[in-house]
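Look at the sequence and the structure below. The report then takes up packing inside the protein, one helix and one loop residue.

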Amino acid sequence: MELLKQHLIAKNPVMEERFAQTLEENTTYARQLLTNDAAAKTTANDITIPVVFHIVLTDAQIAQLGGPSGVAQRVDSQMAVLNRDFNGTNSDVSQIPADFKAVFGKANIGFALAHTDPKGAGTPGYEIITTTQQGFEESSSVGSGMGFSSGKYVNGPATSWDADKYLNIWVFNLLNNGSASGILGLTMPPSFMTYGISGLTKDELGIVLNYGAFGKYGPGVNYFISGINGGRTLTHEMGHFFEIWHVWGDDNGKCPGAGGKDDGITDTPPQSNATYGCPSYPLFDSCTKTGDGIMFMNFMDYVNDACMHMFTAEQAKVMSSQTLAGKESYSLILHPELTSWPTGVSNIVNAANVFNVYPNPSTGSVNITLLQDGVNNIRVTDITGRMVENIMVDKSQTSYAMNLSGQPKGMYIIHCNTGNGDAVSKLILQ
């Protein structure tokens, strides 16, 4: 987001004032909610936002991620990280320094893979779009011409789904003059539509991820940018989508009281610039020279994934307030039905030709028999898209048994990835 702000300010200096005004409005509103119990309770804790990934890569780049089954693993692991981080259930909250635990915050925003596409058909919540283009530049002549917009129109028409209903995430190889870009992610938040930016339409709203910063490391998962293998790039960019800034405020090293505005958040310490790597606590800089030091472990800094642990209460309230009626992302919470498979649709690729599942309904013990070659993996997800089982298929084996007795009762989805798409069937645990 810092790059986009600099780009826009360079083209139109008035934008700097508009960004500052939006920051002030959002943080003031959030602080009012935090100090008003009745208003604070109007932020729902059970909202779910439909998410879709558009993965636009070459065949070789898809192979780097482990092929279609590897992409599926990346999507599942990424969604798990995102939901834990936004709801404060990530295990590494235990590493938050004691001095900062008092301001630890939970945004209480849930994300689920969309399982109904804009045409009403079933979808796994992601699409793989192969391209012969090796990657995409931040600036181009396509669409708005910024924010890697050319990748969003890779085959001509926009790849995005209705931005009022779906939160679009693109996965690209990001380039800088033909070479690998140092950018890990970039966000076009809904507020950008209010700024009158030339050429920008809703088709470009959402988040771009570098394909080497997508998902979380696990067995058999290939290719990550060094230090960026925990799925935290999307957590960071999602913070921007919901209108919070970097903790240092993107103000060129200035400090509050010396011409700097910082991030506008009162419970993050003033900070001069970004932090990299994995520093030791406490860490001081020119804006915070004493006390608890800077909050480098905040998701809105630039440290390695393993060293990011938290949002603050005020950051969380700014983000969750964007989902309230009248705010920028309110429309995204109005369509939870898009996270369910459409009525009467139980498969994408015809499941009856790919596998049998029995018994169904089941009390927990489930058997799957593969009916054709070419199945890469078998996954079971709940209706929010959370993966509960993942089996890599052995080409010499056609029968698989799973024990799901530890899962809550309800509907689950079995996915068998064939390389040509997912064969999908419902499973009922009772």
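## Met238 and the main core

In this predicted model, Met238 touches Leu82, Phe86, Phe111, Leu167, Ile169 and Ile207, not counting residues up to four places away in sequence; contact means heavy atoms within 4.5 Å. Met238 is among the residues with the most contacts inside the largest nonpolar core, which has 53 residues. A nonpolar core is a set of buried Ala, Val, Leu, Ile, Met, Phe, Trp, Tyr and Cys residues joined through side-chain atoms within 4.5 Å. Buried means under 20% relative accessible area, exposed over 50%, and partly exposed in between (1.4 Å probe, protein chains only).

A second, separate core of 24 residues includes Leu8, Phe19, Trp170 and Tyr195.

## Helix H2

The buried residues of H2 include Phe19, Leu23, Ala30 and Leu33. They lie on the same side of H2, because the buried residues cover an arc of only 115 degrees around the axis; the arc is that of the directions from the helix axis to the C-beta atoms. Glu17 and Thr35, on the other side of H2, are exposed. Helices (H or I, at least four residues) and strands (E, at least two) are DSSP runs, numbered from the N terminus.

## Ser362

Ser362 sits in the loop between strand S12 (355-358) and strand S13 (365-370). Ser362 is buried, at a relative accessible area of 2%. Ser362 touches Leu427, Ile428, Leu429 and Gln430, leaving aside residues up to four places away in sequence.

## Basis of the values

Residues are numbered from 1 along each chain as its sequence is written, and side-chain values use heavy atoms, with hydrogens and water left out. Local features need pLDDT of at least 70, side-chain atom pairs count only at pLDDT 80 or more, and totals for chains, interfaces and linings use all residues.
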